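Please find below a short note on the structure under review. The points are numbered for ease of reply.

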Amino acid sequence: MTDATTTGPTTRRGLSLTAICAAAGMVWLAFADLGVAVPAIADDLDAEMAALQWANNAFSLVTGALVIAAGKFGDIFGRRRMLSIGIVLFAAFSLVAALAPNVGTLIAGRALMGIGAALILPATLALIPAEFSGPAELTAFGVWQAVAWGGQAIGPAVGGLLTDTLGWPWLFWINLPVAALTYLALRVSTPESLDPHASRRIDWLGLVTIGLAIFALLFGLTAGPGVGWSDPLVVVLLVVSVLLAFSWYAIERRAAEPLVRLDLFRLRPYDAALTANLVMNLAFAGLSYLLVLWLQNVRGYDAVQAGLLLLPATVGIFVFIPRGSRMSARRGGRMPVLLGLVLLAGGLFVLGFLTDDVSLWLLAAGLLVIGVGLGLLSTPISDTAVGEVPPELSGAAAGFFKMSSMVGGALGVAVLSGLSEGFSTGGTLVITGLIVLAALLAVRQLWPKPHA
């Protein structure tokens with residue numbers, strides 16, 4: 001069970017949720033705000049654009065590699081403690097990036113920020129069911145998801161504004177006051193949460209194996225579109241990631257104190273939520289990547305304009321996140337997730353009609369339908385993957401849940417960039433819609449119908 005060592009008054013839960021979501025928001029903003037500043041950074045540091053792309057990628061690689069272990073540490077040592085440490089590390093390494101005199105230091109700073117991000121993300125999710133229950137829990141997960149989507153949506157605009165006015169180092173300086181206020185709010189409002197029965201022994205072999213497996217997979221998927229999928233390094237990384245994943249499974253089956261209890265994956269709704277989360281991120285990350293290129297290369301918009309033209313999806317997400325929460329509270333999470341996947345596939349099929357001279361109203365309509373689908377399913381999958389698992393597993397469950405987000409995003413860019421070499425933009429999005437429908441069938445089979 002989960003033990004709250006302090007029970008803070010109900011009136012403080014709003015401040016606690018604000019602190020939890022602010023910490024997550026810093027991370028999601030950092031995922032999205034650097035890309036638009038790359039040209040300015042290249043001029044300032046006299047760096048090549050290709051090298052600076054790794055300043056962006058290093059953050060997600062390190063976060064993805066460590067997020068599972070970070071979730072487990074929260075179960076053992078305390079989720080608020082891990083979140084507090086993550087906030088401090090995120091701010092400290094933001095300082096390294098802000099003061100970077102060259103691209104190597106910037107890459108190192110961004111990579112080290114990923115350590116803090118890995119500690120923050122699963123802890124913010126795992127703390128919600130420790131403080132909230134029933135409809136309040138669904139509302140809290142809905143707020144968390146709104147902040148996550150919002151951070152990614154406004155990241156390019158915030159990055160462009162700060163770069164044009166104060167300079168690109170302020171992408172990192174801004175994290176210091178936000179982190180300080182978030183840390184203080186967290187300490188005064190959020191009770192500690194951990195599994196009092198968890199062993200303090202750490203499965204280091206399992207931790208290193210799964211961390212290297214995810215790092216190799218993300219590295220290979222990230223590098224593949226640029227250097228080619230037949231590149232020896234990419235091939236080796238992808239093969240090694242599969243071998244390490246099988247090795248990790250064998251290690252966990254035999255470990256006396258496994259990093260992750262494998263019975264977590266016997267929970268069919270959890271497996272369904274992971275599947276839906278992975279394909280949701282695959283579709284949206286790949287879609288965003290492909291459409292930004294199409295809008296710039298085919299329609300002639302700049303990066304900021306292209307980002308703004310994707311906002312109908314964000315509007316749909318924000319408007320329908322509360323609706324998804326209410327549907328989940330009344331009828332369980334299965335129905336809104338299935339409906340959300342249907343709408344996600346439907347929006348992708350609408351975008352299949354994109355041509356070089358198509359009206360932007362068609363683009364807006366397709367994106368709005370996609371946003372509605374994502375809004376409906378976002379909260380139910382979070383609540384199912386974290387709030388409805390046994391409390392002692394919530395940290396590890398949250399770690400795997402966020403790992404599936406990152407792997408899904410990397411897969412989306414890799415798969416859609418590969419498909420676009422042989423198909424038109426519209427044809428690629430139709431194929432992506434078929435992938436979503438295949439995932440829908442899998443989720444439908446995995447997730448039992450609720451009892452009448």
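The points that follow address the overall fold, the surface and charges, and the nonpolar core.

1. Status and secondary structure. The coordinates are those of a predicted model. In the protein chain, 17 helices are assigned, along with 2 strands.

2. Overall dimensions. The radius of gyration of the protein chain is 21 Å; a compact globule of 452 residues would have a value near 22 Å, so the two agree. The C-alpha trace extends over about 60 × 55 × 45 Å along its principal axes.

3. Contact range. Among contacts in the protein chain with a separation of 6 or more, 83% are between residues 24 or more positions apart.

4. Burial and surface. Of the 452 residues in the protein chain, 53% are buried. The exposed area of the protein chain is about 18,200 Å², and 67% of this area is supplied by carbon and sulfur atoms.

5. Charge distribution. The protein chain carries 24 positive and 25 negative charges, and a distance of 14 Å separates the mean positions of the two sets.

6. Nonpolar core. The largest nonpolar core comprises 125 residues, and Leu 106, Trp 144 and Leu 341 have the most contacts inside it. The element that gives the most to this core is helix H11 (residues 268-297), with 14 residues.

7. Surroundings of Trp 144. Which residues are in contact with Trp 144, leaving aside its neighbours within four places in sequence? They are Ile 20, Cys 21, Ala 24, Trp 28, Leu 121, Thr 124, Leu 125, Ile 128 and Lys 402.

Terms used: Residues numbered from 1 in each chain as written. Predicted model: local features only at pLDDT ≥ 70, side-chain atom pairs only at ≥ 80, totals over all residues. Heavy atoms only, no water. Helix = DSSP H or I, 4+ residues; strand = E, 2+ residues; numbered from the N terminus. Rg over C-alpha atoms; globule rule 2.2 N^0.38 Å. Buried < 20%, exposed > 50% of the residue type's maximum accessible area, 1.4 Å probe, protein only. Contact = heavy atoms within 4.5 Å. Areas by Shrake-Rupley, 256 points an atom, 1.4 Å probe, with all protein chains shown as cover. Lys, Arg positive; Asp, Glu negative; His and termini not counted. Charge placed at Lys NZ, Arg CZ, Asp CG, Glu CD. Core = buried A, V, L, I, M, F, W, Y, C linked by side-chain atoms within 4.5 Å.
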